[in-house]
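Here are my notes on this model, as numbered points. Please read them with the coordinates open.

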Amino acid sequence: MENEFDYNAAVEELEKLASAVEQPGVPLPDVERSIRRADELIRACREYLRGARTRLDEMQKD
């Protein structure tokens with residue numbers, strides 16, 4: 001069974017990551033880890049949105 005991407009959960013996680021790294025005194029390794037995770041989430045969100053756009057375009061053609 002394929003895991004379905006949860007766009008809303010990804011956006012929520014991105015917001016939490018952004019909030020966490022904005023806190024004073026966050027160790028650099030934590031910031032780096034958050035940046036890597038944010039990059040993964042942003043890529044996944046873009047892929048999801050591109051796929052959604054493609055499906056919408058295909059439905060409009062019918």
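1. Start with what covers the buried residues of H2: the cover includes H1. The reverse also holds, since what covers the buried residues of H1 includes helix H2, residues 28-61. Keep in mind that this is a predicted model.

2. Which residues of H2 are buried? They are Val31, Ser34, Ala38, Leu41 and Cys45. Three of these names, Ala38, Leu41 and Cys45, come back in the nonpolar core under point 6.

3. The length of H2 checks out. Its 34 residues should span 50 Å at 1.5 Å a residue. The end C-alpha atoms of H2 lie 49 Å apart, which agrees.

4. H1 passes the same kind of check. It covers residues 7-21, and its 15 residues should span 21 Å at 1.5 Å a residue. The end C-alpha atoms of H1 are 21 Å apart, in agreement. At the N-terminal end, Asp6 acts as the cap of H1. A side-chain oxygen of Asp6 sits 3.2 Å from the backbone nitrogen of Asn8.

5. Now the faces of H1. Ala10, Leu14 and Leu17 are buried. Viewed down the axis of H1, the buried residues fall within an arc of 65°, so they line one face of the helix. Asn8, Glu15 and Lys16 are exposed on the other side of H1. Asn8 therefore appears twice in these notes: as an exposed residue, and as the residue whose backbone nitrogen faces the Asp6 cap at 3.2 Å.

6. The largest nonpolar core has six residues in all: Ala10, Leu14, Leu17, Ala38, Leu41 and Cys45. H1 and H2 each supply at least two residues of this core. Take Ala38 as an example. Leaving aside neighbours within four places in sequence, Ala38 is in contact with Leu14 and Leu17.

7. Ser34 deserves a look. It is found in helix H2. Is Ser34 buried or exposed? Ser34 is buried, because its relative accessible area is 14% and the cut-off for buried is under 20%. Outside its neighbours within four places in sequence, Ser34 is in contact with Leu17 and Val21. Along the chain, Ser34 and Arg46 are 12 residues apart, and their C-alpha atoms are separated by 18 Å.

8. Val11 has its place in helix H1. At 25% relative accessibility, Val11 counts as partly exposed. Val11 and Cys45 are 34 residues apart in sequence, yet 8.1 Å apart in space, C-alpha to C-alpha. Cys45 is among the buried residues of H2.

9. Last, the overall form. The protein chain has two helices and zero strands. Its radius of gyration is 16 Å, well over the 11 Å that the globule rule gives for 62 residues, so the chain is more spread out than a compact globule. Along the principal axes, the C-alpha atoms fill a box of roughly 55 × 25 × 15 Å. Buried residues make up 13% of the 62 residues in the protein chain.

Key: Residues are numbered from 1 along each chain as its sequence is written. This is a predicted model: local features need pLDDT of at least 70, side-chain atom pairs count only at pLDDT 80 or more; totals for chains, interfaces and linings use all residues. Side-chain values use heavy atoms; hydrogens and water are left out. Helices (H or I, at least four residues) and strands (E, at least two) are DSSP runs, numbered from the N terminus. The expected span of a helix is 1.5 Å times one less than its number of residues. Buried means under 20% relative accessible area, exposed over 50%, partly exposed in between (1.4 Å probe, protein chains only). The arc is that of the directions from the helix axis to the C-beta atoms. Contact means heavy atoms within 4.5 Å. A polar contact is a pair of N or O atoms within 3.5 Å; within protein, one must be able to donate a hydrogen and the other to accept it, and residues adjacent in sequence count only if both atoms are side-chain atoms. A nonpolar core is a set of buried Ala, Val, Leu, Ile, Met, Phe, Trp, Tyr and Cys residues joined through side-chain atoms within 4.5 Å. The radius of gyration is taken over C-alpha atoms; the globule rule is 2.2 Å times the number of residues to the power 0.38.
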